[in-house]
Each structure stands twice: as structure tokens, then as C-alpha cells.
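Biologist: Before I settle on a reading of this model, please take one close look at its largest pocket, including what lines it and what lies around it.

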Amino acid sequence: MSQALDAVNLARDLAGMALCAVASVFAIAGTLGMLLQKDPYTRLQASSLVGTTATFSVLLAALVTAPSVAIAARMVVIIAFFLISNPTTTHIIAKYAWNSGIAPRTAPRARKPGAKVAGDDDD
Amino acid sequence: MTPRKLWTLVRVAATFGFLCGVWLLFSADNGWLSILAGASCAALIALASYDTFIDEHEAGKNMVFPRLLPALAYPARLVAAMYSSSFATLRTLMTGSAAPRVVHFRTRLKSDLARVVLAEAITFTPGTIVIDLDEDHLIVHWLNSTTRHSRRAGETVKGRLESIIGGMWV
């Protein structure tokens, strides 16, 4: 019984560490992307890696390593509010930029070099 | 009782139930005095604001109240979509192959709540941000655009999210 409990605790710790590692990767990449991108919309896209994926991964790590059910329940509530508040704030920033007349930088063509941009003939 | 009065009663009861749940969640107190105070305030607020919480025209089946099983599965599906999009966005940012574009498309969802949840889900998945939502019309900033055609862009951006949300609400 004690060995099984130890194994579960070890698995939880490993899952928590893996999620924190994933969060670190996304946080670093998102920050670099935010500095490298040219316009507010693509910067916002890059920042969503930090604001959404990295933060969510940390919250998930806190959930799996929660020492008690009471704390885990609180983490679930925090995650639920995060699921609602995070996209709302991102949308508000994007909408403010859009209403302010900031034109987004758009790609002249489709992603794959040489590929025909679908819709060229349809517009 | 007329259908209109019954729907009003359902809206008041749903608002009251939701507010009571939030009260219990935040107060974390199951003492009778706390529950009485919370229920009294919830009843007053529900009577004053049920029309703001649930519109009268949202009276159709599953316009406001989601189907249970799809609703229980939804968070896991959203998180899976979020991680999938995150890795795609990470690859795009690292390789510098972004092809940003603003696309316009429509959603088949009828309920206001379902449309808002779809917009939230699209924004929650990195790589797409909903700039505006007007009735069924969405304006989305798309980082990895592959098409300018609005219907095809809509199918790609909404992906399976629309059908998942359509399983909960109409």
C-alpha cells in the first residue's frame, strides 16, 4: 500500500515537472516571439503562448501536485476562471487595436512557397 | 401558466441557482447563516437581473442550458486543441514562417452563448484571435493562414470546435 502511494506521488511529481518544463519552453518562445514580431496582432499571437499555454501548464502542474483535495478544488476554480478571463482580455486588446485603425500586417501569399493562395480567384 | 411565464420562472430559477453556486464556491462556508445570507442576496439579484443573464428570446431547447455529456467532455477537448495549436504556433514562431491574415467567416451556431463560447475557444487556442463577433459573423486574426477564402478559412479556423460546441448548444 505504501509503495503504491509512493509510486503515485512520484508520478504526480514527474507530471508536475514535465508540465513546468513545457511551460518554460512556451514562455521563453512566446517572449522571444513577442520581441521579434513586427505588428501588435502577431505580437499578441506570440504572447498567447506565454499568457495561455505557459500559464495553463503551470496551473495544471499545480493541480496534479496539489497536496489535498481542497487545494485541488481551488485550482480547478482558478483554471475555470482562467479559461474565461484569458481569451476575453486577448480579445479586448485585439479589438481595441482593430477599432483604433491599426492595420494588421498580412502575408502576401500562402504559407508554402510556390503554393497558390486559395481564394485568389474566389474573392 | 403561460409558456412566457414559465420561461420567466425558469430564467429566475437558473439565475438564482447559478448565483447560489458562486456564493458557496467563494464563501466556502456551509453554515446555515452564510447559506441564508447568500440565498437571500442571490434571490434579490436573480429577480432584478434574470433578464440580463438569460435573454427572453433564448427560449429554445439547448439555447442556454448545455447537453450534459458533451459539456463534461468539452474542457478536455479544448485543452487538447489548445496544446495542438500551441505547438503549431511555436513551430511557426521559431521558423519565422508566419503568414498572418485577417479572415471573415460565419458560424452555424444559433445560440448567443454558443457563439461566445466558440469565440472564446478560438481565441484560447494560440494562433487565432477573434477580433470581433457580430451576430454570426466573426473577424479573426489568423497566424498560419492557408487560404483567403472565407468559407474555407472558417472551416480551418473553427475546425472541430464548432461541431463540439454545437453538440452542447444549438
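**The largest pocket and its surroundings**

Modeller: Of the 38 residues that line the largest pocket, those nearest its centre are A:Ile84, B:Phe18, B:Leu113, B:Val117 and B:Trp169. This is a predicted model, in which local features need pLDDT of at least 70 and side-chain atom pairs pLDDT 80 or more, while totals for chains, interfaces and linings use all residues. Residues are numbered from 1 along each chain as written, chains are lettered from A and ligands numbered from 1 in written order, and side-chain values use heavy atoms, without hydrogens or water.

The pocket (an open set of points on a 1 Å grid over the protein atoms alone where a 1.4 Å probe fits, with protein on both sides within 12 Å along at least five of seven lines; lining residues have an atom within 4 Å of a point) has a volume of about 1,500 Å³, taken as the space filled by probe spheres on points joined across faces, edges and corners. Chain A contributes to its lining through α2 (40–64) and α3 (69–99), and chain B through α1 (3–27), α2 (32–53), α3 (68–95) and α4 (112–124), each of these helices supplying at least two residues; helices are DSSP runs of H or I with at least four residues, strands runs of E with at least two, numbered from the N terminus. By class, the lining holds 32 nonpolar, two polar and four charged residues, where Ala, Val, Leu, Ile, Met, Phe, Trp, Tyr, Cys and Pro are nonpolar, Asp, Glu, Lys and Arg charged, and the others, including Gly, polar. Within chain B, domain 1 (3–53) and domain 2 (68–166) both give residues to this lining, so the largest pocket lies between them; the bounds come from an automatic or database assignment.

For comparison, the second largest pocket has a volume of about 400 Å³, and among its 21 lining residues B:Ala81, B:Ser85, B:Thr125, B:Thr156 and B:Val157 are the closest to its centre. Here α3, α5 (150–158) and α6 (161–166) of chain B each supply at least two lining residues, and α3(B), which also contributes to the largest pocket, gives the most to the second, with seven residues. The lining of the second largest pocket comprises eight nonpolar, 10 polar and three charged residues.
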